[in-house]
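Got a minute to go through a model and ask why each label on it is earned? Let's put it up and take the labels in turn.

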Amino acid sequence: MKILLSALAEKLGLEFSGEDFEIVGVNTLEKAGPDELSFLVNPKYAPQMEKTRAGCVLTSGSYVGKTERTLLSSNVYMDLARVVDLFAEVQGCFEGVSELAYIHPDATVDESVTVYPFVFVGAQAHIGAGTVLFSGSYVGEKTVIGCDCIVYPNAVVMGGLELGDNVILQPGAVLGGDGYGFAQTAAGHMKIPQIGNVVVEDNVEIGSNSAIDRAALDTTRIGMGTKIDNLVQVGHNVEIGQHCLVIGQVGIGGSTKIGNGVVLAGQVGVADNAQIGDGAMVGAQSGVSGNVEPGSKLAGSPVMPAGTFLKAAGVCLPKLPELFKRVKKLEKELESLRSSRSGGDFYE
Amino acid sequence: MKILLSALAEKLGLEFSGEDFEIVGVNTLEKAGPDELSFLVNPKYAPQMEKTRAGCVLTSGSYVGKTERTLLSSNVYMDLARVVDLFAEVQGCFEGVSELAYIHPDATVDESVTVYPFVFVGAQAHIGAGTVLFSGSYVGEKTVIGCDCIVYPNAVVMGGLELGDNVILQPGAVLGGDGYGFAQTAAGHMKIPQIGNVVVEDNVEIGSNSAIDRAALDTTRIGMGTKIDNLVQVGHNVEIGQHCLVIGQVGIGGSTKIGNGVVLAGQVGVADNAQIGDGAMVGAQSGVSGNVEPGSKLAGSPVMPAGTFLKAAGVCLPKLPELFKRVKKLEKELESLRSSRSGGDFYE
Amino acid sequence: MKILLSALAEKLGLEFSGEDFEIVGVNTLEKAGPDELSFLVNPKYAPQMEKTRAGCVLTSGSYVGKTERTLLSSNVYMDLARVVDLFAEVQGCFEGVSELAYIHPDATVDESVTVYPFVFVGAQAHIGAGTVLFSGSYVGEKTVIGCDCIVYPNAVVMGGLELGDNVILQPGAVLGGDGYGFAQTAAGHMKIPQIGNVVVEDNVEIGSNSAIDRAALDTTRIGMGTKIDNLVQVGHNVEIGQHCLVIGQVGIGGSTKIGNGVVLAGQVGVADNAQIGDGAMVGAQSGVSGNVEPGSKLAGSPVMPAGTFLKAAGVCLPKLPELFKRVKKLEKELESLRSSRSGGDFYE
């Protein structure tokens, strides 16, 4: 695949400056060759503009002119996605329905579905048009998967679940494992059967080896367009709104409700029964419980306003041993001042 | 399935108040319909008692009378478990032993075992009566699995392991991967072969995509009735006692010993070679090393008494920047006081 | 397998003291029987030397003479690895290429490769001599796996990846899932196709259920001899150097560069676009962003020098509530001193 920069600019509605040229791929500033397009968003990488061998750089206004050829974009990441899409090869190498798969006779699988070897599709499951089930994936009984979904190798979708259209499950993701629900009894922890389900709305992506538990009763829900990274844990009866970003290794306790457009950074923990308002952002490794106001920016464990955390944990905490010494010194000085003053009183 | 509330009350030994009625299921207060039973334990959800459409609510003494019909329980979660059990359908849709499974000729599989397609059972493995091996699960050579266990899809039980009865492995759980053991040498990290095993006692449950490593030598042990949540890491030679609760994303370093009835909340990290006494409780995201006394309630990283942590990190830390200012002010004032006093001395 | 201690000493070049004797295995000090060898490295376990029933103990100079027989080693872990290796049985119970596997006709699989049932090998994949692919493992199209690798059950190696020789993937490990890359648009998060790959160099081990993402463009790289524990997340375009130790549940954000010989302890989080210099060590549960100098020892979230963290979070933080009281007392005393002084002024 080759494309003229002028043709690319026209296709994507971008402004092109420089001599026209045919590119054959996309790469980083550091690695791109003269026949590849690169891009710049993060100012941290701006110095690489000087040295890059890239034939052309896709970037925003501020960097135009620093290289021979530029494509000017008001949303570099979006246009990068569109360019890369032109060059991307679809993953996989299998077509049709493998004779080495097991499809229950009561399942309904659209004829356009790709079913790799060693896939299991349970009774009364339904798989929509254009969906691809990679090797080793599991679709439980009565589960409905929409159209144009990708279920990568060894991902598991247990029984009774509902997935919308364009859902992507990365390898090893597990949907619908039992929630963690036990009653304390004299004889030990008694399992509360988990009879709810999981609903995953359209355009959701769930990362490698993440685990989304089925509800105890009712539904665990992942809202439209939400993107969940790898190794994330979502407890039973959690509701996540639309267009959220849930970064790697986040853990969300049972029955917690998360609004729309929320960002949870890496390794954040959210307790059971919490509520996080629309548009809130929680910094990496933070611990959330209770209610978080819409639009808040929080960090720390337990969370506080992100600005406060930066000062308190980033600036002050390392100086805390010194502060203890300063306070001790103050105490001594004050004591000595009072003694001398007492002494003074004697003579007054 | 339908059941009269009076019959349900009698079956479970509960007190029923209100007009008799037939229920068809169980649901949350928010979602239950008039023909469903609901329940209330967490006072946070008490306001929903006013609005619920549930036909009956299972609850403790304090809430009786707030809805038309109640089932009175002294252990709501336990009785909820028993009610839900009446309505629960068993997961899965396969019976017998699939011809698409691989069972080594030297394995012994009880005739009542369910073996889905694409299951691997190794040489000299033994699978007890009533156990279900879901699609894609793996049972290594010489591994013994007890009776009435459930091994969900793509769970892995490596060779030489022992699982008791009523053990549940959620999808993707891995038992008996190699422990992380390397000797430092001039040529790099040299692998110490991990030749121990894992023993999982009766009634243990292990969550989706959790990983329990085999011992270097000897045994990694999970005690009877212990419940491990999703994405938990248990290092080699760890010993966990009976009836513990290990919540999502906890990590436990090698050779650590954990007593009975211990609770480790979400994302807790426990270092290598630590010891945690019976009944200890460790708050979410905490970091434990060394010895923890039985019955302790700890939090923080590194841990301190939970009450201290709540004050120190929850109340004081956010005010730390302000404290630095207060101390600086004190220092200035004291300095000025001393100067003026020195000045004063001059005139005295 | 039995071996005379004198023969073992000669084989490994160790000094043996005590009466010669035949050992049949290796075990911990606590569990070893009279016909087994044990070892001692961690001084914490030294008291067990008094009580051990072990026939011989492999240890360093300081403990020689505390038991009847000793093997003297200057690198106990290394020699332990070599001894255990003598007694270790290789895991697995299958030979040859299973007829229940799927190998694409365009794949090239060395004739010495072991392929278990339910393995998928994609088009143009290449599997080197002596490699073992356990049940349920997946090798995507165009992926090259070197010689003498072990891919344990249900591990996934997506398409287009390169693995060197002697690479070990523990069960459920996922290599080459899509990186987490989305462009923000008015319509929501737009997926940036992830068209880069993953390169894993020789002698790397990757733990159970860990996830190493493919690069957006270019390569995610794991350097020679690096050992990654369970449930670790490595983001797209990360570069990890040689001989690093990455302990359980560490998460590494996209495009981060990590030098050689770096140690990241359990549950550490590293932000996107960070850089960690050679030989740096980061304590458990710490949070790293920006640049870390070579050889640093850091801890805390955000990180500070490890010694400072121990004092600040381990010693001072628990006393912070008390410090607030001390400062308040100082303020009152100073105020009272100033008042009395003002009062004093009045009379002067």
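What follows is a set of questions and answers about this predicted model.

Q: What makes the relation between chain B and chain C a three-fold axis?
A: Chain B goes onto chain C by a turn of 120° with a shift of 0.0 Å along the axis, and the RMSD is 0.1 Å. That turn and shift are the relation of a three-fold axis.

Q: Why do β10 and β40 of chain C count as edges of their sheet?
A: The sheet is open and has 11 strands, in the order β10-β13-β16-β19-β24-β27-β30-β33-β36-β39-β40 (chain C), with mixed pairing. β10 (114–115) and β40 (304–305) each have a single partner strand, so one side of each has no neighbour in the sheet.

Q: How do you know that β33 and β36 of chain C pair?
A: Two strands need at least two bridges between them to be called paired. β33 (residues 263–264) and β36 (residues 281–282) of chain C have 2 bridges, in the parallel sense. In one of the pairings, C:Leu264 has C:Val282 of β36(C) as its bridge partner.

Q: What about β21 and β22 of chain B, and which sense do they run in?
A: Here the cut-off is again at least two bridges, and β21 (residues 182–185) and β22 (residues 188–191) of chain B are joined by 4, running antiparallel. B:Gln184 sits opposite B:His189 of β22(B). The connection from β21(B) to β22(B) is a hairpin through 2 residues.

Q: Which residues touch the most other members of the largest nonpolar core?
A: That core has 189 residues, and the ones touching the most other members are A:Leu169, A:Leu264, B:Leu169, C:Leu169, C:Ile252 and C:Leu264. Leaving out residues up to four places away in sequence, A:Leu169 touches A:Ile150, A:Val151, A:Tyr152, A:Ala155, A:Val157, A:Leu163, A:Leu175 and A:Ile206. There is also a second, separate core of 42 residues, which includes B:Ala313, B:Leu317, B:Leu320 and B:Phe324.

Q: How many residues of chain B are in contact with chain A, and what does the interface bury?
A: 71 residues of chain B are in contact with 82 residues of chain A. The area buried between the two is about 5,800 Å², with carbon and sulfur atoms giving 63%.

Q: And how many residues of chain B are in contact with chain C?
A: On that side, 82 residues of chain B are in contact with 71 residues of chain C. Chain B and chain C bury about 5,800 Å² between them, with 63% on carbon and sulfur atoms. B:Tyr180, B:His189 and B:Leu217 supply 12% of what chain B buries against chain C, more than any other three residues.

Q: Why do B:Lys31 and A:Asp218 count as a salt bridge?
A: The N to O distance has to be within 4 Å, and for B:Lys31 and A:Asp218 it is 2.9 Å, so the label holds. The interface of chain B and chain A has 6 salt bridges. The count between chain B and chain C is 6 as well, including B:Glu333 with C:Arg338 at 3.3 Å.

Q: Why does the salt bridge of A:Lys142 and B:Glu89 join two chains?
A: Their side chains meet at 3.3 Å, N to O. A:Lys142 is in the loop between β14 (138–139) and β15 (144–145) of chain A, while B:Glu89 is in the loop between α3 (76–87) and β8 (102–103) of chain B, so the pair joins two chains.

Q: Why is B:Glu89 called exposed and A:Lys142 partly exposed?
A: Exposed means over 50%; B:Glu89, with 61%, passes. A:Lys142 has 41% and counts as partly exposed.

Q: What makes C:Asp178 buried?
A: Buried means under 20%, and C:Asp178 has 7%. Its salt-bridge partner C:Lys191, at 2.9 Å, has 25% and counts as partly exposed.

Q: How far apart in helix α5 of chain C are C:Lys329 and C:Glu333?
A: They are 4 residues apart in α5 (residues 320–347), which is about one helical turn. Their N to O distance is 3.9 Å, still within the 4 Å limit. C:Lys329 is exposed at 53%, whereas C:Glu333 is partly exposed at 21%.

Definitions and conventions
Residues numbered from 1 in each chain as written. Chains lettered and ligands numbered in written order. Predicted model: local features only at pLDDT ≥ 70, side-chain atom pairs only at ≥ 80, totals over all residues. Heavy atoms only, no water. Least-squares fit on C-alpha atoms with pLDDT ≥ 70 in both. Core = buried A, V, L, I, M, F, W, Y, C linked by side-chain atoms within 4.5 Å. Buried < 20%, exposed > 50% of the residue type's maximum accessible area, 1.4 Å probe, protein only. Contact = heavy atoms within 4.5 Å. Buried area = accessible area lost by both parts, 1.4 Å probe.
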